[in-house]
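Biologist: May we go through this entry together, one question at a time? I should like each answer to end on what was asked.

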Amino acid sequence: MGMEVTWWGHATCTVEDSGVRVLTDPLFVRRLAHLRRRRGALPPPEAALADLVLISHLHSDHLHVPSLARLAPGTRLVVPRGATRSVPALRRLTELRVMEVGAGDEVKAGPVVVRAVPAAHDGRRLPVGPRRSPALGYVIQGSVRTYFAGDTGLFDGMAAAVGQVEVALLPVGGWGPYLGHGHLDAGRAAQALAALGPRAAVPVHYGTYWPIGLDAVRPHEFHAPGGEFVRLAARAAPGVAVHLLDHGECVRPGESW
């Protein structure tokens with residue numbers, strides 16, 4: 001099949017399917033507040049080329065306004081419902097076509113249909129703001145159904161909410177020594193993989209950003225989650241082909257089916 005996934009680092013991926021380029025949670029900077037990019041070159045300018053951009057939730061490493069400002073005028077930007085209220089800087093991106101969605105909503109881009117699905121994660125814009133927007137995942141349906149989980153923990157009914165998919169882009173780590181509530185580590189991601197039952201998976205959201213000054217604190221949480229997910233997925237879901245990508249590397253999962 002012709003679907004292709006490129007992992008640019010953290011939760012930033014390009015999914016190209018049926019001639020449509022979908023970009024997830026773009027983060028194109030070397031440093032964000034207390035975080036710095038420790039591995040992988042910054043995504044090249046062509047990474048910002050997309051027909052549709054999906055934002056999973058409002059945390060600044062997923063909804064990064066300066067990175068969104070690099071998108072071409074007219075690009076369609078899909079954000080969780082309430083995002084423009086909670087993040088006023090979004091309103092300055094007047095050249096983008098911003099659409100707010102909730103779980104169950106669909107957006108079409110040519111022959112591709114994107115469906116928003118629930119996620120178990122804090123959707124607030126931190127560190128300020130009591131207003132909540134739902135954290136979301138997305139199912140991108142073209143020639144292949146691809147699940148981009150965003151940031152999420154395991155939750156009851158996850159497989160039913162996501163539905164049948166062929167490819168899963170699953171977070172397996174984070175950007176600090178300890179994962180809080182509402183995240184998947186390698187073990188929980190393997191459990192999610194077994195429940196979802198796709199044909200292929202790509203681990204994301206690890207091994208890119210890390211707090212400045214904490215390089216020596218639990219370094220395995222930075223380096224190990226991808227390989228650990230491969231090992232645990234082989235045990236929990238042996239029929240799933242797991243593709244461990246380097247930053248900037250792409251894969252056509254259907255070629256391994």
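**A salt bridge and two sheets**

Biologist: With which residue does the side chain of R252 meet in a salt bridge?
Modeller: The side chains of R252 and E4 form a salt bridge, with 3.4 Å from N to O. The term requires a side-chain nitrogen of Lys or Arg within 4 Å of a carboxyl oxygen of Asp or Glu. The partner of R252 is therefore the residue that supplies the O, namely E4.

Biologist: How far apart along the chain are R252 and E4?
Modeller: This is a predicted model, in which local features need pLDDT of at least 70 and side-chain atom pairs count only at pLDDT 80 or more, while totals for chains, interfaces and linings use all residues. Residues are numbered from 1 along each chain as its sequence is written, and side-chain values use heavy atoms, with hydrogens and water left out. E4 belongs to strand β1 (residues 4–9), and R252 to the segment after β17 (249–251). The pair links distant parts of the chain, with a separation of 248 residues.

Biologist: How many salt bridges are found in the whole structure?
Modeller: The bridge between R252 and E4 has been described. A search of the whole structure gives a total of nine.

Biologist: Which strands are the edges of the sheet of seven strands?
Modeller: Strands here are DSSP runs of E with at least two residues, numbered from the N terminus, and two strands pair if DSSP finds at least two bridges between them. The sheet is open, with mixed pairing, in the order β9-β10-β11-β12-β13-β14-β16. Each edge strand pairs on one side only, and the edges are β9 (106–109) and β16 (241–242).

Biologist: Which residue takes a positive phi in the hairpin of β9 and β10?
Modeller: β9 and β10 (residues 112–118) run antiparallel and are joined by four bridges. Across this pairing, K108 stands opposite V113 in β10. Two residues lie between the strands of the hairpin, and the positive phi, near 60°, belongs to G110.

Biologist: Which residue of β11 stands opposite P118?
Modeller: β10 is joined to strand β11 (residues 136–141) by six bridges, and the two run antiparallel. Opposite P118, in β11, stands L136.

Biologist: In the sheet of three strands, which residue of β15 stands opposite R37?
Modeller: This open sheet has the order β4-β5-β15 with antiparallel pairing. Its edge strands are β4 (31–32) and β15 (209–211), each pairing on one side only. Strand β5 (residues 35–37) pairs with β15 over three bridges in the antiparallel sense. In β15, the residue opposite R37 is Y209.
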